[in-house]
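Here are my notes on the model, set out as numbered points for reading beside the structure. They take up helix packing, then the ligand site, then some unusual backbone positions.

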Amino acid sequence: MPTPKRYYVTTPIYYVNDVPHIGHAYTTLACDVLARFKRLDGYQVMFLTGTDEHGQKVEKSAAAAGLAPQAFCDRVSGRFRALLETMHFSADRFIRTTEPDHIRSAQELWRRIEANGHIYEGSYAGWYSVRDEAFYSESELVEGEGGQKCAPTGAPVEWVEEPSFFFRLSDWQQPLLDFYARHPDFVLPQARMNEVKSFVAGGLRDLSISRTSFRWGVPVPDHPGHIMYVWIDALTNYITGVGFPDTASDAFRTFWPADVHMVGKDILRFHAVYWPAFLMAAGLEPPRRVFAHGWWTNEGQKISKSLGNVIDPFALVETYGLDPVRYFLMREVPFGQDGDFSRAAFITRANADLANDFGNLAQRTLSMIAKNCGGQVPKPGALQEEDQALLDGIDATLARMRAHFDVQAIHLALEALWKQVAAANAYVAAMAPWALRKTDPERMATVLYVAAEAVRKLGILAQPVTPDAMTSLLDQLAVPKQARNFAHLGTRGRLAPGTPLPQPRGVFPRLQALEESV
Ligand code: MSP
């Protein structure tokens, strides 16, 4: 039986009381690019994102705002939903952990883990950081300002002593190591896989998974007074989103296990250690991949609320337009590594790759056609070797992009594509259709046809990263909406000679003028 073409990609669910910044937008953007690519490649895609709404941190913020926790969540969750609209994220569901289907799902996961004997009752005494929603051992703590004890993340910790249920994580050391050995690419980049393996090889302590000292969370089934540790609740969103506990449902059978959980490096341990252990303990399959991306700094500085240098994605898009922002974030930094957001680098990159390379190619091809071919797709003569070589080169990029996307090397996929943009520019420069106008109009028509075909193919392939500009470009080539997926590369979606084309207009404006204004 052929492998069903399905693809399930998730973002972390964002802390509902955070204000969306560039780091959040980055994680979701990467998933959006992967999801769009797979849809265009004929896959049935499920792309899940949402908000993480329980826990002590939210309870405290709600109290500070003078609201009941649910009312508080209802008020602020929309900020992340708004990001989907602004960034044109094509998520299939925006999940909120306060939704009834999720609460049911988290409770059922607990029941299964408990029924399989992996949970016991005890009491917890140790350090907890509300900001990180994480437990820390004494040896992990560092000295903060004024000699205060802090988590390694810099977050303050407090001593917690309360009755608690525990997950027998220590039993999962060997099964996890075996699982990693069977799936050497479970975590990417590879260096992060190694970190996870050595963490697990160093020994695992049982995990406190319920709290009794506050109320805002999913009630532990059959044990009144306990609420679930927020990470168990939060991680479960990935299976709620595909229909758990109904494991016989179409959604669950089609999409679980997930193909990629995209996460920042800071939350890798939760996804690559705890989550597969919970799932195996419940008799469910772990996800196929956890990809840990790097962190952004702002002009060389760590991004933090206290430094006041948080980059607001809404303002960025408002100032520069969406596509340059999407392209820069995905192209500038090797995906998986840390990167620096510098305005100068952003403008240089957007102008070089978008306005100059792709923009000029499209603009000069379309305007020469408008001027010299009566505004219609020209009729080509027989293709020469160099014509065919250009078109074949672009078609062959799809296989390369697929291979890069399968290991989430998004920057390499874009690099491969932009090599073809350069090849198309070099072709136009070498063929000099403007010079052929008088000497050989037939050849000019062929060259312009080939250039237009090149632009069409490049436009189809660039849709995942710069969807708006490519929609406009493909409109300008009168490519029907249903002929814009990857099945229409090759000759299948070929432009029909004689098709009238609308007046061309630029798709990637230069950003120079804006530079001074920000
Ligand atoms: N609620 C948890 C996730 C639960 S998933 C079951 C959480 N939320 S978060 O809102 O704090 O972070 C969400 C994502 O944003 C993480 O993947 C994190 O790495 C990412 N980023 C936050 N700041 C970032 C940068 N400065 N740069 C890049 N990404 C960063 O953790």
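1. The crossing of α6 and α7 is left-handed, a term used if the near helix is turned anticlockwise from the far one by less than a right angle, and right-handed if clockwise. Helix α6 (residues 173–182) and helix α7 (residues 190–201) pack with their axes 9 Å apart and at an angle of about 155°, so α6 and α7 are roughly antiparallel to each other. Helices (H or I, at least four residues) and strands (E, at least two) are DSSP runs, numbered from the N terminus.

2. This is a predicted model, in which local features need pLDDT of at least 70 and side-chain atom pairs count only at pLDDT 80 or more, while totals for chains, interfaces and linings use all residues. Residues are numbered from 1 along each chain as its sequence is written, and side-chain values use heavy atoms, with hydrogens and water left out.

3. A second helix pair is α1 and helix α15 (residues 385–406), which pack at an angle of about 135° with their axes 11 Å apart. That makes α1 oblique to α15, the label for what remains once angles under 35 degrees are called roughly parallel, over 145 roughly antiparallel and 65 to 115 roughly perpendicular. The crossing of α1 and α15 is also left-handed. Axes here are lines fitted to C-alpha atoms, for helices over the stretch in contact, and angles run from 0 to 180 degrees between N-to-C directions.

4. The ligand is surrounded by 24 residues, of which the closest are I13, D52, G264, D266 and W296; a residue is counted if one of its heavy atoms lies within 4 Å. The elements that each supply at least two residues of this shell include α1 (22–40) and β14 (260–264).

5. Which atoms of the ligand do D52 and I13 approach? A polar side-chain atom of D52 lies 2.7 Å from a nitrogen atom of the ligand, and a backbone N or O atom of I13 lies 2.8 Å from a nitrogen atom of the ligand. The protein covers 96% of the 680 Å² of accessible area that the ligand has on its own, by the Shrake-Rupley method with a 1.4 Å probe.

6. Most residues other than glycine have a negative phi, and most peptide bonds are trans. A cis peptide bond with omega of about -5° joins L188 and P189, and P189 is placed in the loop between β10 (187–188) and α7. Another cis peptide bond joins F244 and P245, with omega of about 5°. D222, in the loop between β12 (210–211) and β13 (227–228), has a positive phi near 65°.

Notes
Polar contact = N/O pair within 3.5 Å; in protein donor to acceptor, adjacent residues only side chain to side chain.
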